[in-house]
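Here is a walk through a two-chain model, one region at a time. Have the structure open and follow along.

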Amino acid sequence: MKLAKAVVVPAALLLAWEFVMRSRGIESDSLAPPSQIAVAFVDAMLDGTIPRRTAETLRAALGGLAIGGGSAIIASVVLGLVPPAARLMQFSIEVLRPIPAVALIPVALLVLGFGYRMEIALVAFACFWPVLIYGHSAITNIEPQLIDVSRVLRLTPISRVTKIVLPAALPRYFVAFRLATAVSLIIAVTVEIASNPQGIGHELMAAAQSLHPDLMFALLLWIGIVGWGLNSLLLFAQRRLFGAAGAAVSASP
Amino acid sequence: MTSASPLPHPAASAAPPLIAFRGVNHDFGQRPILRDIDLAIGQSEFVCLVGPSGCGKTTLLRMVGGLLAPSSGAVSFAGKTVTGPAREISFMFQDYSKALLPWRTAAGNVALALEAAGLPFRERGPRIAELLYKVGLAGHTDHYPAQLSGGMQQRVQIARCLAQEPSVLLMDEPFGALDAMTRQALQDEILRIIATSRTTVIFVTHDLDEAIYLGDRVVALYPNPGRIAQVFDVTLLRPRNQLTTREHPEFLRLRRALFDFIAEGET
């Protein structure tokens, strides 16, 4: 029932789109009726174009996410636990952070050339900031009493980080990673559209330039599905992993 | 005082005090928090600190726990100046919801103290079971703090403190957030547990009745800045009983004296 309600509007729009294109007999280089888009989608799936291009994009996006997000975790723990380091780095962070990752495409191209390396580097740059900022605030906002507990029990500095600080900050890190995942896909596709001859973005650009609106829209649809799928996967994981801890946070007065 | 037989007072005996404050002053920035604190606490003594908010009770406790150094003067434990947390001194926090790790079960929270002490993994299980049994949580080993009531969470904290095998137990308003019935049950629980060991307890509370019921001595503090105003000796017999002890003339006399004293301090 819920699904039916959700589908009503898009289905009506698609039907109207199909009807207008057919009844007017529009032959266009920039627009295709939904039926042709569906055919193009199935063809591109079956001949391996979409799976191959998707693998390329995801490899770059997730690789960049792992590198950028991973180094941001380490950096945020250091900044969070060593306030002088945070003060020292604050200016540099505020200058570097606002640089749009896509503005670095020419630089990356010049230094690293086409291929995975430049795309991963740009995705990593873009993913570094949200994880750093969220992670830093997660660490500095840890309940001070938990730190007192770790002091009273005389935990070693390493145990303090692994047993108290990181678990306490983990839910916020997860939220940061969800944000960064969305960013990684956006940056990967953008880099592919702008310059890098690989991935879904490149295929999309090629379809548009070779006047295949059906394939172009099919790829657009697919990018949406991939993004939605990744986010759903992470939401599901978040509920599974932090269900109990999340309940604990909301249940405490 | 007629029927109460006075117990020999540990601090009054010749043995050197276990914990001593000597000329302790403390300031937060410009604000004076504590002034001229001199207090000696003997082995196995149960001392309650009472006084209005802002009298520095918790600050005193944190100093003994090694969480805070006084601005001047010194706090000593077993003859040595306290410079940081010690294994023998365990600290029980008021806010159980913030003192337990929400991502660990009751057993896991107790395990934290054993991990910190470096107890081998194999020996932890039986020790945890024993500690949780001792505080009446045998059936709740695998429950997360969020699944336990406030009283039960505070029992987990007691178990975690006991896991340290402390000779001193510092308790910062541990039962302040609990309902009256739970509170009385835990008061008796604590008295029962420490009766068998020779644990020294410093107990901070707002509740004058609680202070008299639990303590060997009640130290009343004045606020702004915190100073020791008066020390009351409690000579009530042990083991204490929620009904008979609280009806005892000596209890009522002390209660009256403390209430008058606090009322006086507020005017």
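Let's start in chain A, just past helix 9: the residue that follows this helix is A:L211, and its phi is positive, near 55 degrees. Bear in mind that this is a predicted model. Helix 9 itself covers residues 199–209, and its buried residues are A:G199, A:I200, A:G201, A:H202, A:E203, A:L204 and A:A207.

**Chain A as a whole**

What is chain A built from? It has 10 helices and zero strands, so to speak an α-only run from the N terminus on: α-α-α-α-α-α-α-α-α-α. As for dimensions, the C-alpha trace of chain A spans about 80 × 55 × 30 Å along its principal axes. The radius of gyration of chain A is 23 Å, where a compact globule of 253 residues would have one near 18 Å. Of those 253 residues, 32% count as buried. Contacts in chain A reach along the sequence, too: among those between residues at least 6 apart, 74% join residues at least 24 apart.

**A closer look at A:F217**

One residue worth clicking on is A:F217, found in helix 10 of chain A. Is A:F217 buried or exposed? With 22 other C-beta atoms within 10 Å, A:F217 is buried, because the cut-off for that label is 20 or more. Which residues does A:F217 touch, leaving out those up to four places away in sequence? They are A:A32 and A:I37. In the same vein, A:P34 is 183 residues from A:F217 along the chain, yet their C-alpha atoms are separated by 8.9 Å.

**Where the chains meet**

How many residues does each chain bring to the contact? Chain A gives 21 residues and chain B gives 19 residues. On the chain A side, the elements that supply two or more residues are helix 7 (144–152), helix 8 (157–194) and helix 10 (213–251). Sorted by class, that side of chain A has 13 nonpolar, three polar and five charged residues.

**The sheet in chain B**

Now over to chain B. Six strands form an open sheet there, in the order 6-7-8-3-9-10, with mixed pairing. Strand 6 (89–92) and strand 10 (227–233) are the edge strands, each pairing on one side only. From one strand to the next, the twist averages 20 degrees.

Here are some of the strand pairs in chain B:

| Strand pair (chain B) | Sense | Bridges |
|---|---|---|
| Strand 7 and strand 8 | parallel | five bridges |
| Strand 3 and strand 8 | parallel | four bridges |
| Strand 3 and strand 9 | parallel | four bridges |
| Strand 9 and strand 10 | antiparallel | six bridges |

To find the register of these pairs on screen, pick out a few residues. B:V168 has B:T200 in strand 8 as its bridge partner, and B:V47 stands opposite B:I202, also in strand 8. Further across, B:V50 stands opposite B:A220 in strand 9, and B:V218 stands opposite B:F232 in strand 10.

Strand 3 (residues 46–50) deserves a pause. Why is strand 3 of chain B largely enclosed by the rest of the structure? Because five of its five residues are buried. B:F46, B:C48 and B:V50 point one way from the strand, while B:V47 and B:L49 point the other way.

Strand 8 (residues 200–204) of chain B is mostly covered as well, with five of its five residues buried. B:T200, B:I202 and B:V204 point one way from strand 8, and B:V201 and B:F203 the other way.

Strand 8 also belongs to a larger motif: together with strand 7 and helix 6 (residues 180–196) of chain B, it makes a right-handed β-α-β unit.

**Helix 1 of chain B**

Last stop: helix 1 (residues 57–64) of chain B, which is mostly covered, with six of its eight residues buried. Which residues are those? They are B:K57, B:L60, B:L61, B:R62, B:M63 and B:V64. A general point helps when you look down any such helix: an α-helix has 3.6 residues a turn, so residues three or four places apart point the same way. After helix 1 of chain B comes B:G66, with a positive phi, near 75 degrees.

Note on methods
Residues are numbered from 1 along each chain as its sequence is written. Chains are lettered from A and ligands numbered from 1 in the order in which they are written. This is a predicted model: local features need pLDDT of at least 70, side-chain atom pairs count only at pLDDT 80 or more; totals for chains, interfaces and linings use all residues. A residue is buried if 20 or more other C-beta atoms lie within 10 Å of its own, exposed if 12 or fewer, and partly exposed in between; C-beta atoms are placed from the backbone. Two strands pair if DSSP finds at least two bridges between them. A crossover is right-handed if, with the strands pointing away from the viewer, the path from the first strand over the helix to the second runs clockwise. Two residues are in contact if their C-beta atoms, placed from the backbone, lie within 7 Å. Ala, Val, Leu, Ile, Met, Phe, Trp, Tyr, Cys and Pro count as nonpolar, Asp, Glu, Lys and Arg as charged, and the others, Gly among them, as polar. The radius of gyration is taken over C-alpha atoms; the globule rule is 2.2 Å times the number of residues to the power 0.38. Axes are lines fitted to C-alpha atoms, for helices over the stretch in contact, and angles run from 0 to 180 degrees between N-to-C directions.
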